Amino acid sequence: MSASERLIESFARERRPLRILGASGQLGYGIPTPALEEGLRRSPDMIGCDMGSIDIGPHYLGSGEMAPTRVGAKRDLRKVLNAARRHDIPLIIGSAGSAGAKPHLDQTLSMIREIAAADGLKFKLAYVPADIPRDVVKRAVRAGKTLPMDTMPALTEQDVDEAENLVGQMGLEAFRRALETGADVVVTGRACDTGIFASIPAMLGFPLGLATHMAKIVECASLCCVPGGRDTILAVLDDEGFDLESMSSQRAATPTSVAAHSLYEQADPYDIREPAGHTDLRAVTYRALDERRTRVTGAVFVPAERQTLKLEGASRVGFRALLLAGAADPNFIAQHETIFAGVQRVVRDLVCEDTAEDYNLSFRVYGIDGVRAWSDQTAVLPREVLVMGECIAPTLERAEEVVRTTKQYLLHYGYEGRVSTAGNLAFPFTPPEVTIGAAYRFNVFHLMQVEDMAELFPVVTETF
């Protein structure tokens with residue numbers, strides 16, 4: 001009998017609170033061992049880990065690379081795999097390998113197989129790829145069944161073709177189908193983080209609103225605590241609510257910190273939206289149990305009239321090279337926009353004598369407008385700033401050529417009030433030009449109406 005089957009059977013015999021361990025907010029960046037071991041001492045019923053996010057940008061989805069190192073990811077996978085098998089409880093991992101496309105899932109499964117062989121682990125694995133067939137999405141585009149999110153334009157068939165990888169963010173039902181195979185370990189491609197932690201509660205009949213709200217909080221481990229951190233967290237779920245406690249004695253889950261984290265990644269502070277519906281938080285209450293624990297009640301799940309699936313795709317826009325430098329001349333800082341425009345003209349005239357302007361050269365000044373384009377200028381200029389020049393071009397060699405030329409002419413560009421011709425910039429290292437590689441953008445970030453999720457997300461099993 002598998003770990004998931006044993007858990008279901010035990011709840012059929014005796015109804016009790018469910019103990020859920022959120023081991024890591026993002027697998028691959030380290031799991032503090034003392035907190036994990038403290039969580040295991042609490043006799044959890046399952047371990048869950050989120051492994052991905054789009055917070056890290058489009059590069060990983062486009063390139064197929066993992067965000068953490070393979071060494072870090074394998075170390076964390078070994079910790080949770082051995083912990084789950086030692087305690088004979090289910091392990092659920094969502095958004096494998098950072099972005100959850102086939103290359104990421106394949107890398108994650110490869111590490112799991114290596115660990116199982118090296119450590120002599122025996123278990124049944126169920127995994128669910130998240131890649132969506134392009135012809136399915138194109139049919140939806142033609143049928144008017146796709147909807148842009150945020151400020152994205154309407155999805156086109158060209159967007160679908162240009163995406164290097166195209167995934168759908170599967171919901172709770174895919175996790176549930178994987179568990180129903182009798183799996184000890186479930187690993188999915190790109191997925192809603194709530195599915196990791198809400199799938200077993202849903203199978204056991206716990207209220208879905210409470211389970212989803214709990215899942216949205218514990219998927220980030222102890223980030224909901226004061227001070228926030230990534231230590232393992234324990235949630236104890238019953239039919240009326242759930243209790244939260246960090247497994248690090250240095251962190252406290254307070255009503256304020258937990259309520260604040262309920263707003264995390266949500267456009268609407270009262271709704272957690274998932275493919276099958278949304279969880280209404282309007283009647284939620286947060287009550288301190290003691291200095292380190294909070295009890296949460298009141299969330300209600302509202303089924304959707306029509307299921308939708310969030311699509312994510314990233315296309316390559318070129319290759320990127322950077323220039324990193326500092327500036328401390330108040331005249332340079334005050335006139336930086338004029339200086340940059342002048343340097344852009346000089347560089348264009350130099351590198352485009354024999355070819356068209358096939359690149360994009362831009363600048364950010366950290367200290368003034370590096371993080372965002374402010375609507376008003378600061379009243380007092382900073383004493384020094386970080387200047388970042390970025391070029392995106394059709395080839396890495398072209399991007400590097402533009403950035404190196406930019407470095408030379410920005411260094412010695414003349415401007416009103418310049419005191420010395422020795423140089424306008426301070427370089428933190430040499431060479432100050434950095435070649436990054438391929439550059440990507442999210443070109444698919446849309447909702448698609450779906451009739452049958454199971455058809456899109458087939459479950460595959462493997463026994464070790």
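**Exercise 1.** Decide whether Ala 426 is buried, exposed or partly exposed.

*Solution.* Start with the relative accessible area of Ala 426, which is 46%. Next, recall the cut-offs: buried means under 20% relative accessible area, exposed over 50%, and partly exposed in between (1.4 Å probe, protein chains only). Ala 426 therefore counts as partly exposed.

A word on the model: it is predicted, so local features need pLDDT of at least 70 and side-chain atom pairs pLDDT 80 or more, while totals for chains, interfaces and linings use all residues. Residues are numbered from 1 along each chain as its sequence is written, and side-chain values use heavy atoms, leaving out hydrogens and water.

**Exercise 2.** Find which residues Ala 426 is in contact with, leaving aside neighbours within four places in sequence.

*Solution.* Contact means heavy atoms within 4.5 Å. With that rule, the partners of Ala 426 are Ala 325 and Gly 326.

**Exercise 3.** Work out which parts of the chain the salt bridge between Arg 282 and Asp 271 ties together.

*Solution.* First, the rule: a salt bridge is a side-chain nitrogen of Lys or Arg within 4 Å of a carboxyl oxygen of Asp or Glu. Here the N to O distance is 3.4 Å. Then locate both residues: Arg 282 lies in the loop between S11 and strand S12 (285–288), and Asp 271 in strand S10, so the pair ties together parts eleven residues apart in sequence. Strands are DSSP runs (E, at least two residues), numbered from the N terminus. Finally, compare accessibility: Arg 282 is partly exposed at 49%, whereas Asp 271 is buried at 5%.

Methods. Helix = DSSP H or I, 4+ residues; strand = E, 2+ residues; numbered from the N terminus.
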